[in-house]
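Here are some comments on the model, set out as numbered points. They are meant to be read beside the sequence and the coordinates.

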Amino acid sequence: MSDIGAIQTRLVNDIAAASDLDAVEALRVAALGKAGSITALLKSLGGMTPEDRQAQGPQIHALREAVTAALAERKAALDAAALDIKLAAEAIDMSLPADTAPKGSVHPVSQVMDELAEIFADMGFAVATGPEIEDDWHNFTALNMDETHPARAMHDTFYFPDRTPASSSAAVGQQQREILLRTHTSPVQIRSMLDQGAPIRIIAPGRVYRSDSDATHTPMFHQVEGLVIDKDIHLGHLKWTLETFFKAFFEREDITLRLRPSYFPFTEPSVEVDVGYSTEGGRRVVGGHGDAPGHAWMELGGSGMVNARVLEFAGLDPAEWQGFAFGLGIDRIAMLKYGMNDLRAFFDGDPRWLAHYGFSPFDQPTLSAGVGAKA
Ligand code: PHE
């Protein structure tokens, strides 16, 4: 119909002549808005006879499409022109000082992990890793914690609903395994022994998970595992290793360790490792003998000689090989060394806390320069 053709010509010409974005918008509302002329034509289709609708429908829809396209084209042209004007008007002042990019910092936990690795590397230890999503065989069974061990309970351990193993280790019989978040770094002992055999000298720092949350416990925290397997290894080696580590880590010679008899299913005998400390200005300071006046003992971790059953689970002959293992809480030794008092702040991600306690990425711990980084 020619009157629709005329409408289209007029509208498209008006749009092409629109001088700014407001004018384009006004034309859009007049044509396609709620009370717009094309909207009215579209509405009129409903009242037509089927024959009229068949004849006029396609023309009215084509009109709407042509006008919509014209609007978009004019808008794009006006936008481009506006940008050209802006670019021509704006000059870049090369004499202005550059914005400095915001600087991140190294989290104290990462810093302490680097310090650990540096100190233990000097004693001949390699860094080993294992998955945080573990199966119950590596996390419990092979560590001599049988089916009924209380630490396996749901209220201590996070289980996954899916029971299919994430990674199946060929060395192990294939019963169905429970999948869980590892509750300690000790499964890395098993994986290292199965992977590389003996002798072995590794540390394994990383995240561990327990269903626990209050002022001194978070559901995720960090441990470092240590494992030495060789011939003729005894508790004296363990004590020397930990003492040497703590002296380097806390950067003082007067470190006194106390090994207290304890129990872990995966070590025999087992000892808890305490360190002497005093309190200065409300802050715990490691050093001195725990029984000296003004001093006390603080537990830093567990350790012992690797249980013969664990060696067998890990494919080693206990008549030939023996060794020690230890597990320390990284967050705790970080708090002690750098004087933080609230564990939860470690995992809140508050940038102000990180700016205060974080470390410069350039402050790499080295034994020659002192592993303690300057914040
Ligand atoms: N895995 C123990 C824990 O998480 C610590 C430990 C490690 C004890 C190695 C003995 C030997 O409590």
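1. The second largest pocket, with which this note begins, has a volume of about 210 Å³, and the structure in which it is found is a predicted model. Its lining is made up of 19 residues, and of these Met113, Glu132, Pro205, Gly206 and Arg207 lie nearest the centre of the pocket. By class the lining divides into ten nonpolar, six polar and three charged residues.

2. As to which elements build the lining of the second largest pocket, helix H5 (108-122), strand E4 (200-209) and strand E5 each supply at least two residues. Of the contributors, E4 gives the most, with four residues.

3. The largest pocket holds about 1,400 Å³ of space. It is lined by 49 residues, of which His217, Phe221, Glu299, Gly329 and Arg332 lie nearest its centre. When this lining is sorted by class, one finds 19 nonpolar, 20 polar and ten charged residues.

4. Several elements share in the lining of the largest pocket, and at least two residues each are supplied by strands E5 (220-230), E6 (257-264), E7 (267-280), E8 (283-286), E9 (295-306) and E10 (322-329), as well as by helix H10. The largest share, six residues, comes from E9. Strand E5 deserves a second look in the viewer, as it supplies at least two residues to the lining of the largest pocket and also at least two to that of the second largest.

5. The surroundings of the ligand comprise 14 residues, of which His184, Ser186, Arg210, Gln223 and Gly327 come nearest. Two of the polar approaches involve nitrogen atoms of the ligand: an N or O atom in the side chain of His184 is 3.0 Å from a ligand nitrogen, and a polar side-chain atom of Ser186 likewise lies 3.0 Å from a nitrogen atom of the ligand. For Gln223, a polar side-chain atom lies 3.0 Å from an oxygen atom of the ligand. The ligand taken alone exposes 320 Å², and 89% of that is buried by the protein.

6. His184 merits a point of its own. This residue lies in the loop between strand E3 (179-181) and helix H7 (187-196), and it counts as buried because its relative accessible area is 7%, where the cut-off for buried is under 20%. Besides approaching a nitrogen atom of the ligand at 3.0 Å, the side chain of His184 reaches the backbone oxygen of Asn139 at 3.0 Å, and a polar contact of 3.5 Å joins the side chains of His184 and Ser186.

7. Helix H10 (residues 330-338) is mostly covered, with eight of its nine residues buried. The buried residues of H10 are Ile330, Asp331, Ile333, Ala334, Met335, Leu336, Lys337 and Tyr338. The residue that follows H10 is Gly339, whose phi is positive, near 75°.

8. Two cis peptide bonds should be inspected with the backbone displayed. The bond from Ala198 to Pro199 is cis, with omega near 0°, and Pro199 has its place in the loop between H7 and E4. A cis peptide bond also joins Glu268 and Pro269, with omega about 0°; Pro269 lies in strand E7.

9. Positive phi values also occur in residues other than glycine. Asp232, with phi near 60°, is found in the loop between E5 and helix H8 (235-250), and its relative accessibility of 62% is the reason why Asp232 counts as exposed. Glu251, with phi near 55°, has its place in the loop between H8 and E6; this residue is partly exposed, with a relative accessible area of 43%.

10. A last point concerns Ser360, which is found in the segment after helix H11 (351-357). With a relative accessibility of 31%, Ser360 counts as partly exposed. Ser360 and Leu336, the latter among the buried residues of H10, are 24 residues apart in sequence and 20 Å apart in space, C-alpha to C-alpha.

Notes: Residues are numbered from 1 along each chain as its sequence is written. This is a predicted model: local features need pLDDT of at least 70, side-chain atom pairs count only at pLDDT 80 or more; totals for chains, interfaces and linings use all residues. Side-chain values use heavy atoms; hydrogens and water are left out. Buried means under 20% relative accessible area, exposed over 50%, partly exposed in between (1.4 Å probe, protein chains only). On a 1 Å grid over the protein atoms alone, a cavity is a set of points where a 1.4 Å probe fits but cannot get out, and a pocket is an open set with protein on both sides within 12 Å along at least five of seven lines; lining residues have an atom within 4 Å of a point. Grid points are joined across faces, edges and corners, and a volume is the space filled by probe spheres set on the points. Ala, Val, Leu, Ile, Met, Phe, Trp, Tyr, Cys and Pro count as nonpolar, Asp, Glu, Lys and Arg as charged, and the others, Gly among them, as polar. A residue is near a molecule or strand if one of its heavy atoms lies within 4 Å of it. A polar contact is a pair of N or O atoms within 3.5 Å; within protein, one must be able to donate a hydrogen and the other to accept it, and residues adjacent in sequence count only if both atoms are side-chain atoms. Accessible areas come from the Shrake-Rupley method with a 1.4 Å probe; for residues, only the protein chains shown count as cover.
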